[in-house]
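Colleague: Hi! Could you walk me through this model when you have a moment?
Modeller: Happy to, here it is.

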Amino acid sequence: MSVGSPRILFALLLRLAALTLLVLAAVGRPWPPPGAATQVVLLSDRSASVDAAELDRARADVLQDLRDTASATAVLELEFAGQAAPLRAPAARTGTASQSREAIEPLATDLEAALRQALSSADATRPAALVVLSDGLATRGDTRRALEGVAATEVPLLWRTVPPDAAAPRIVAVGAPANAQPQQPIAVGIELGGAAAGPAIVTVTARDQPATSAVLSIDAGPLAGVSLSVQSQAPGTLLLDVTLTDAASGEVLDSRNAAAAVDVQPPATLLYVANGAAPLASSLRAGGWTLRALRPSALDAEAGALDRYAGIVLDDVPASAARAATWQSLVAAVREQGTGLLVLGGEHSFAAGGYRDSPLESLLPVQSRAGAPGDAASVAFVVDKSGSMGASAAGVDRFGLAQRAVIESAATLGAQDSGVVIVFDVEAREIVPLLAAEARAVGRNDPCPCGSGKKYKKCHGKG
């Protein structure tokens with residue numbers, strides 16, 4: 001469910017208004033303030049979604065407060081649902097509306113029309129105030145526009161939230177993925193509450209976007225969760241509106257405008273620069289990435305468009321493969337546009353590829369200097385062991401692959417080198433301290449260096 005949707009923000013405003021009234025009562029300030037208004041229009045929401053008993057209780061409380069604190073104030077009452085009844089003086093109630101429920105269309109709620117009628121009925125020569133008793137669930141009109149209109153008139157509006165009827169059919173929550181690709185089915189989960197007196201229809205439509213709509217018919221009776229599928233034809237933000245409609249009359253029972261937002265974007269494209277076939281390029285394609293493959297000699301021709309790629313892979317590419325201006329374009333794409341960069345070593349890269357003091361070296365976390373004979377290296381293997389490193393949907397054990405990469409990489413280090421193994425999820429933990437080659441090797445059946453007493457493959461070898 002979209003937290004920033006107008007409906008949610010509106011509900012929060014209603015809660016704030018109710019809290020304000022409670023605070024005023026707690027500090028002993030009379031409500032409404034004496035002299036603030038000589039006429040009050042009380043708007044009572046008699047739509048089917050409102051708990052009638054709770055509404056009558058709230059109405060009685062408000063009328064009693066008005067009698068106690070503002071006896072000179074004239075009070076008129078307007079009952080509304082899809083339509084509004086004529087204003088009248090408040091009278092004792094027996095739990096039924098003064099107008100027939102059919103006359104005010106109880107299956108709908110139009111707060112905008114009710115507020116507009118209340119404003120037009122007020123005597124412009126006398127100070128007035130509006131008091132609304134409602135659950136705030138409007139199915140017609142534009143409630144936000146109505147509230148802005150009331151604010152423009154500077155007529156005070158006080159709101160008391162009335163709980164919805166638990167049995168009334170309603171949309172409780174809407175869920176959708178945050179991201180999707182064009183033409184990809186997007187599952188929209190809708191939690192429904194209450195019970196439908198007759199067959200109902202759930203509709204999901206896209207706003208300002210070429211996308212499919214989804215419609216699902218529901219039998220009469222208790223309402224539960226349903227799932228529909230839509231898809232977008234083009235990239236962009238997909239705003240979804242959800243509507244619950246009575247199948248027989250076509251009346252809207254409940255609706256959620258901008259109930260969910262989905263960011264629809266095509267798969268990210270990577271620029272892969274290598275001489276000939278590359279194992280990593282094949283692996284990325286198999287994983288669903290879109291790749292554009294280039295030979296290093298063609299890199300200069302792409303210099304003006306490097307920032308359009310999500311990432312760039314330089315697979316054993318020497319600095320001499322492109323002009324200095326091309327490398328500067330790469331620097332700008334990475335630093336200013338957030339383009340990803342992966343540089344793979346080999347016979348023609350890093351120090352052997354002339355990276356020393358080049359723009360390309362400035363982007364890398366390592367220096368590219370030729371190693372002197374006998375130079376020792378200290379290597380840290382930092383491995384992610386969070387839940388996302390578990391088996392993928394295709395059955396690939398990501399953590400197992402990472403473990404294998406560490407073992408095979410460590411085996412290439414010389415006797416003068418040293419290494420440390422660090423794993424992390426919510427926090428980092430060193431499981432193999434910095435050790436020289438002679439003391440560093442850890443087999444899968446050796447004791448785990450973390451001191452647990454278990455075999456390495458049982459303790460950390462499988463996450």
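**Helix packing**

Modeller: Helix 3 and helix 4 run roughly parallel to each other, because their angle of about 20° is under the 35 degrees cut-off for that term. Bear in mind that this is a predicted model.

Colleague: Thanks! How far apart are the axes of helix 3 and helix 4?
Modeller: The axes are 8 Å apart, with helix 3 covering residues 111–121 and helix 4 covering residues 143–153.

Colleague: And is the crossing left-handed or right-handed?
Modeller: Helix 3 passes helix 4 in a left-handed crossing.

Colleague: Nice. Which residues in helix 3 meet helix 4?
Modeller: On the helix 3 side they are Leu111, Glu112, Leu115 and Leu119. They meet Thr143, Arg145, Ala146, Leu147, Val150 and Thr153 in helix 4.

Colleague: Changing topic to sheets. What is the strand order in the open sheet of 5 strands?
Modeller: The order is 6-14-13-9-10, and the pairing is mixed.

Colleague: Which are the edge strands there?
Modeller: Strand 6 (179–180) and strand 10 (214–218), each of which pairs on one side only.

Colleague: Do tell me about strand 9 and strand 13: how many bridges join them?
Modeller: There are 8 bridges between strand 9 (residues 200–207) and strand 13 (residues 236–246), and the two run antiparallel. As an example from that pairing, Ile201 has Thr245 in strand 13 as its bridge partner.

Colleague: Now strand 15. Is it mostly covered or mostly uncovered?
Modeller: Mostly covered: strand 15 spans residues 269–273, and 4 of its 5 residues are buried.

Colleague: What does strand 15 pair with?
Modeller: One partner is strand 16 (residues 290–294), in the parallel sense over 5 bridges. Strand 17 (residues 311–315) is also joined to strand 15, by 4 bridges, and runs parallel to it.

Colleague: Where would I look for the residue pairs?
Modeller: Val273 has Leu294 as its bridge partner in strand 16, while Tyr272 stands opposite Val313 in strand 17.

Colleague: Which helix makes a β-α-β unit with strand 15 and strand 16?
Modeller: Helix 5 (residues 279–286), and the unit is right-handed.

Colleague: Last bit, the whole chain. How many helices and strands are there?
Modeller: The protein chain has 10 helices and 21 strands. Of its 463 residues, 39% count as buried.

Colleague: And what about contacts between residues 24 or more positions apart?
Modeller: Those account for 63% of the contacts in the protein chain with a separation of 6 or more.

Notes:
Residues numbered from 1 in each chain as written. Predicted model: local features only at pLDDT ≥ 70, side-chain atom pairs only at ≥ 80, totals over all residues. Heavy atoms only, no water. Pairing = 2+ DSSP bridges. Buried < 20%, exposed > 50% of the residue type's maximum accessible area, 1.4 Å probe, protein only. Right-handed = clockwise from strand over helix to strand, strands pointing away. Axes fitted to C-alpha atoms, helices over the stretch in contact; angles between N-to-C directions. Parallel < 35°, antiparallel > 145°, perpendicular 65-115°, else oblique. Left-handed = near helix turned anticlockwise from the far one by under 90°. Contact = heavy atoms within 4.5 Å.
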